[in-house]
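Visitor: I would like to go through this structure and ask what stands behind each label. Please set the values against the cut-offs.

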Amino acid sequence: KGSYPVPGWTGEYDWEGFVPFEKIPYDFNPNEGYVASFNNEPGNVDYYMSNYYLFERAMRFENLMKERPQKKVSFEELKSMQLDTASAVAKRWVPLALSVCLKDKSLQTCTDLLKGWDLRIDRDSSAATLFNYFYYLMMKYTLADEIGEKIWSEDLGKEYLYYVPDVVMTRIVNQSDHQFYDDVSTADKKEIREDIIQKAMSDTIKYLNDRLGDNTDDWKWGDLHKMVFKHPLGSKLSFLNLDPIPTDGSPHTIDAGFWDTANPFEFSSGGVIRMMVDFANPEKSTIVSPPGQSGHYMSPYYSNMAEIWANGDQVPMNFTSGKDLQQVLRLAPSP
């Protein structure tokens with residue numbers, strides 16, 4: 001229904017028009033008391049919509065709501081949810097990785113970092129760096145031999161298609177002898193999940209050692225996972241670009257931070273505009289939209305929101321009091 005090749009010459013699969021408004025996915029006074037979307041499949045339609053991004057952020061939010069008492073969400077709590085960096089994928093894979101590393105002295109670095117890790121992708125965490133690259137290699141070593149290196153490197157290995165191998169890995173995580181774990185290039189051996197974990201973790205440690213040295217204090221996520229605000233003309237006029245800013249998060253966290261798999265671990269996409277709105281009192285509303293409100297690089301407002309955003313803060317929206325601000329930009333048509 002839209003994700004598989006179909007004959008284009010029969011007319012059977014031709015465009016039929018737009019989905020009627022009344023059939024667009026919606027919730028009306030849901031029992032949960034909230035409506036939430038994280039670019040995930042809504043799950044309440046009987047027709048094909050599109051491919052869907054990673055589902056772990058929606059899972060994490062649902063768990064957060066289940067863990068809290070049934071009461072109104074304060075701005076402080078809402079802000080903490082927006083900035084949540086707990087990884088459902090790390091929760092799924094770290095126990096399996098540790099069970100392998102504990103049996104292999106050459107993977108002591110893995111054991112030291114992952115044992116006791118809080119599973120959060122925070123900028124001060126070296127374990128976050130280790131896990132993120134390990135999981136990328138885990139997906140690659142599991143699937144690339146089946147689909148071919150070209151398709152992996154040019155398609156499924158890219159961060160914007162990351163959700164496809166992630167879904168596959170989620171489905172087979174508890175099947176240690178699944179055929180996908182077998183490396184088809186080694187005809188004399190049938191690999192299982194633990195073999196791929198060992199290889200992926202070993203190569204991760206080698207990669208980080210070669211790139212950053214063997215002092216794991218130098219592996220902190222924020223030193224590597226940086227947002228680079230690039231101006232459209234920045235490749236020629238570098239002064240228009242901003243200095244890279246350390247950030248939290250990964251593709252699997254509510255505070256999302258996709259990273260470029262071809263240029264590890266540069267921030268390539270994620271949650272940028274954030275806002276909090278109190279519909280009972282709009283004046284309390286806050287927002288942040290980096291890097292700033294001005295496109296002129298000499299303006300003090302060219303990049304003044306970048307650090308505010310990176311630190312998880314917001315500024316007043318001045319929904320009703322904007323007219324009283326000392327500095328107001330008015331755009332009006334000519335007479």
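Guide: Start with accessibility: buried means under 20% relative accessible area, exposed over 50%, and partly exposed in between (1.4 Å probe, protein chains only). The model is predicted, so local features need pLDDT of at least 70, side-chain atom pairs count only at pLDDT 80 or more, and totals for chains, interfaces and linings use all residues. Residues are numbered from 1 along each chain as its sequence is written, and side-chain values use heavy atoms, with hydrogens and water left out.

Visitor: Which class do Lys-206 and Asp-210 fall into, buried or exposed?

Guide: Both Lys-206 and Asp-210 are exposed.

Visitor: What makes Lys-206 and Asp-210 a salt bridge?

Guide: The term needs a side-chain nitrogen of Lys or Arg within 4 Å of a carboxyl oxygen of Asp or Glu. Here the N to O value is 2.9 Å. The pair therefore qualifies. Lys-206 and Asp-210 are four residues apart in helix α8, so about one helical turn separates them. Helices (H or I, at least four residues) and strands (E, at least two) are DSSP runs, numbered from the N terminus.

Visitor: Why is Asp-84 called buried?

Guide: Its relative accessibility is 6%. The limit is under 20%, so Asp-84 counts as buried. Asp-84 forms a salt bridge with Arg-60, with the closest N and O atoms 2.8 Å apart. Asp-84 lies in the loop between α2 (75-82) and α3, and Arg-60 in helix α1 (residues 56-67), 24 residues apart. Arg-60 has 15% relative accessibility, so Arg-60 is buried as well.

Visitor: Why is Asp-313 called partly exposed?

Guide: Asp-313 has a relative accessible area of 34%, so the value falls between the two limits. Asp-313 meets Lys-79 in a salt bridge (2.9 Å, N to O). Lys-79, at 27%, also counts as partly exposed. The two are 234 residues apart.

Visitor: How do you know that Ser-250 is buried?

Guide: Its relative accessible area is 0%, so Ser-250 meets the cut-off. Ser-250 sits in the loop between β2 (245-246) and β3. Contact means heavy atoms within 4.5 Å. Beyond its neighbours within four places in sequence, Ser-250 contacts residues including Ile-121, Asn-132 and Phe-258.

Visitor: What makes a set of residues a nonpolar core?

Guide: The members are buried Ala, Val, Leu, Ile, Met, Phe, Trp, Tyr and Cys residues joined through side-chain atoms within 4.5 Å. The largest such core has 49 residues, and Trp-93 and Met-138 are among those with the most contacts inside it. Its largest share, 13 residues, comes from α5.
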